[in-house]
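Trainee: I would like to go through some of the labels used for this model and hear the reasoning behind them.

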Amino acid sequence: MKTYVSVAKGPVFDTFFTEENIALLESLGEVVWYEGGASKPSAEEVAAQIGDCDVCLTLWGSPRLDERILKNAKKLKLLTHLAGTVVLFVSDELWERGIRVISGNDYFAESVAEGTLAYMLSALRNIPAYSRRLKEDRVWKTPADFTKGMAGKTIGLVSYGAIAKYLVRLLSVFRVKIKVYDIVPLPAEDVARYGLEQASLEEIFSTCDIISIHTPLFDATHHLINGNLLSMIKKDALLINTARGPIIDQAALERELATGRFSAVLDVYEEEPVTKAKTTLFDLPNVMMLPHQGGPTTDLRAYIARELILESAAFLHEGKELPHEITKERAGFMSAH
């Protein structure tokens, strides 16, 4: 296996390519490392360096494998993307050549589901506020304090992709009712196993105690969650967005949150990084804000890289299947960013 690593050196590189992973990769065959240091590799640089490699490893900042690169990569058989969505890294030319694609998308999805559950529990129990009050104000609990739990809640999931499927499995231990909006019928086995109920967006926003957004961002889903839906959210409900900011009309969300009727945990925003000059969210006490770090956790990166390197080698050396393959069809349902 001859591998080209189309990744710039730096702090992010180091979280994936630990000493152990570098040694592993080099033990499996010849490795050609991107030679541009910390600057992001350009298509022209990759085209000049990729040569007769069998595998191309990519990460955030790597160029798309289009005709500019592929015309010089005659032996390329596999694109191994160490992050999640592959939309920015694949091309029509790649699919036409029959080059296979794998990514860390399933690992990412599981970690985001874990983060979403953490956000739910933190918000219900108001953990950040009580911790801050005790540490900064030295105030102990009072009879007026009020917290909530998961048991008995009705949870609405907007879209049933990889993240939502992992989340449903995590939620199954909490004795909750789960409603799901998706444009296609839910898998019969999941409906039977978890008691899922397929519902409209209107039903989810008007009846659920917790609403969690998991929709990929396309032109068709931009502002899918509009002011009308947001106005339906019931009193004391919780809205969580770990998907993409522009799926929600943020201006409308700010207006509805300002009423104090419900609360939100926001990990993503219409413009990132989010700044106080462009939003009222920082001033709203019923909003927990995170800087787009719902997942995957940083410590998972080295594991993902190791597993995908091993999967690549098993495919090329032994002809084994690709458990984390991303087909052209599946890529069509992924967000671009």
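Mentor: Start with a term: a residue is called exposed when its relative accessible area is over 50%, and buried when that area is under 20%. Keep in mind that this is a predicted model.

Trainee: Which residues of α2 are exposed, and which way do they face?

Mentor: E19 and S27 are exposed, and they sit on the face of α2 turned away from its buried side.

Trainee: Which residues make up the buried side of α2?

Mentor: Helix α2 covers residues 19–27, and N21, L24 and L25 are buried in it.

Trainee: What makes these residues one face of the helix?

Mentor: Looking down the axis of α2, the buried residues fall within an arc of 95°, so they line one face.

Trainee: What covers the buried residues of α2?

Mentor: The cover includes the strands β1 (3–6), β2 (31–33) and β3 (55–58), together with the helices α1 (11–16) and α13 (301–318). Just after α2 comes G29, which has a positive phi of about 155°.

Trainee: Why is the pair K179 and E203 called a salt bridge?

Mentor: The rule asks for a side-chain nitrogen of Lys or Arg within 4 Å of a carboxyl oxygen of Asp or Glu. For K179 and E203 the N to O distance is 3.0 Å, so the pair meets the rule. The pair links distant parts of the chain, 24 residues apart: K179 is in strand β7 (residues 177–181) and E203 in helix α10 (residues 201–207).

Trainee: Why is K179 called buried?

Mentor: Its relative accessibility is 7%, and the cut-off is under 20%, so K179 counts as buried. E203 has 27%, which lies between the two cut-offs, so E203 is partly exposed.

Trainee: How do you know that E256 and R261 form a salt bridge?

Mentor: Their side chains meet at 3.0 Å, N to O, which is within 4 Å, so the label applies. E256 is buried because its 16% is under 20%.

Trainee: What makes E318 exposed and K320 partly exposed?

Mentor: E318 has 55%, which is over 50%, so E318 is exposed. K320 has 45%, which falls in between, so K320 is partly exposed. The side chains of these residues, E318 and K320, also meet in a salt bridge at 3.5 Å, N to O.

Trainee: Which residues are joined into one network by salt bridges that share partners?

Mentor: K2, E30 and D52 are joined in this way.

Trainee: How many salt bridges does the rule give?

Mentor: The count comes to 18.

Definitions and conventions
Residues numbered from 1 in each chain as written. Predicted model: local features only at pLDDT ≥ 70, side-chain atom pairs only at ≥ 80, totals over all residues. Heavy atoms only, no water. Buried < 20%, exposed > 50% of the residue type's maximum accessible area, 1.4 Å probe, protein only. Helix = DSSP H or I, 4+ residues; strand = E, 2+ residues; numbered from the N terminus. Arc of directions from axis to C-beta. Contact = heavy atoms within 4.5 Å.
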